[in-house]
Amino acid sequence: MKNESIPKSIRTWNPSERPRERLLHKGAGSLSNAELLAILLVTGSRKEHALALARRLLGAGEEPLKALGRMTAAHLMTFRGIGPGKAVTVVAAMELARRYTQSPVIASQTIRQSRDAHGQLTPLFADLMHEEFWVLYLNNANRVQFRFQVSKGGLTSTLVDVRIILKKALELGAVGLILAHNHPSGNLRPSKSDIQITRKTKKAAAIMDIKLLDHLIVHGSEYYSFADEQLL
């Protein structure tokens, strides 16, 4: 008896419905997240085609790409139909996307308010389960010259060396700084050490005629601004 539950291979679909052909003729922007992921996966399994597998990987959460970006190769391989090859491809693609958002060309934007700075920082912290400390270096037109990772830490803290921050500022000829770090816990209130490092950096930068414009604590789409709260 024929097994009706086994889906047809994508190769048997009408060319106008196949993700790869649609990308070639209509561009990547016309494809859904699942279709783009299916192209990376190339094949599915005997029980489901690549698009069905991609949909299962993305799940039904509110932020499927964010969840996918957090998965390690080992985690991906716990899904039926995902072997080392597929897992490595997906992890590599997500890392490339992460690095693209961190490129200096993308970073070149005028900062007028804390919201602008947060827009620059969101891609850096989007999928992190540990703390990282970054600095935005600005020129005299308040345009971002460079984004620099000062340190990477554990779940609750990371060490920050003010000398490293200022050394980079002098190399770039920056006149403004915006400090930023994430709180994976979701608690955006600054700790005593957050306040101390802010004051220490502001005081040291002022000696070199460099202005500390803000310090943002980030978690997802939310953030805490020292400048907005008048703590600078």
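I started with the largest pocket and asked which element gives the most to its lining; it is α6, with six residues. I note that this is a predicted model.

**Pocket**

I looked up the space in the largest pocket and found about 670 Å³. Four elements appear on my list as giving two or more residues to the lining: α2 (33-41), α4 (64-70), α6 (84-101) and α8 (114-125). I then went through the lining itself, which has 23 residues. Nearest the pocket centre I found Leu65, Lys66, Met94, Ala97 and Asp127. I sorted the lining by residue class and got 12 nonpolar, six polar and five charged.

**Aromatic pairs**

Next I searched the whole structure for aromatic pairs and found two.

I took Tyr137 and Phe148 to begin with. Their ring centres are 6.4 Å apart and their planes meet at 55°, so I entered the pair as tilted. Angles from 30 to 60 degrees get that label, because under 30 counts as stacked and over 60 as edge-to-face. Tyr137 belongs to strand β1 (residues 132-138) and Phe148 to strand β2 (residues 144-152), so the pair ties together parts 11 residues apart in sequence. I checked Tyr137 for exposure: its relative accessibility is 0%, and it counts as buried.

Then I turned to Tyr224 and Phe226. Here the ring centres lie 5.8 Å apart with the planes at 85°, so I wrote edge-to-face.

Are these two rings' residues buried or exposed? Tyr224 has 8% relative accessibility and counts as buried. Phe226 has a relative accessible area of 1% and is buried too. The cut-off I applied for buried is under 20%.

Definitions and conventions. Residues numbered from 1 in each chain as written. Predicted model: local features only at pLDDT ≥ 70, side-chain atom pairs only at ≥ 80, totals over all residues. Heavy atoms only, no water. 1 Å grid on protein atoms, 1.4 Å probe; cavity = no way out; pocket = protein on both sides within 12 Å on 5 of 7 lines; lining within 4 Å. Points joined across faces, edges and corners; volume = space filled by probe spheres on them. Nonpolar A, V, L, I, M, F, W, Y, C, P; charged D, E, K, R; others polar. Phe/Tyr/Trp six-rings, centres within 6.5 Å; stacked < 30°, edge-to-face > 60°. Buried < 20%, exposed > 50% of the residue type's maximum accessible area, 1.4 Å probe, protein only.
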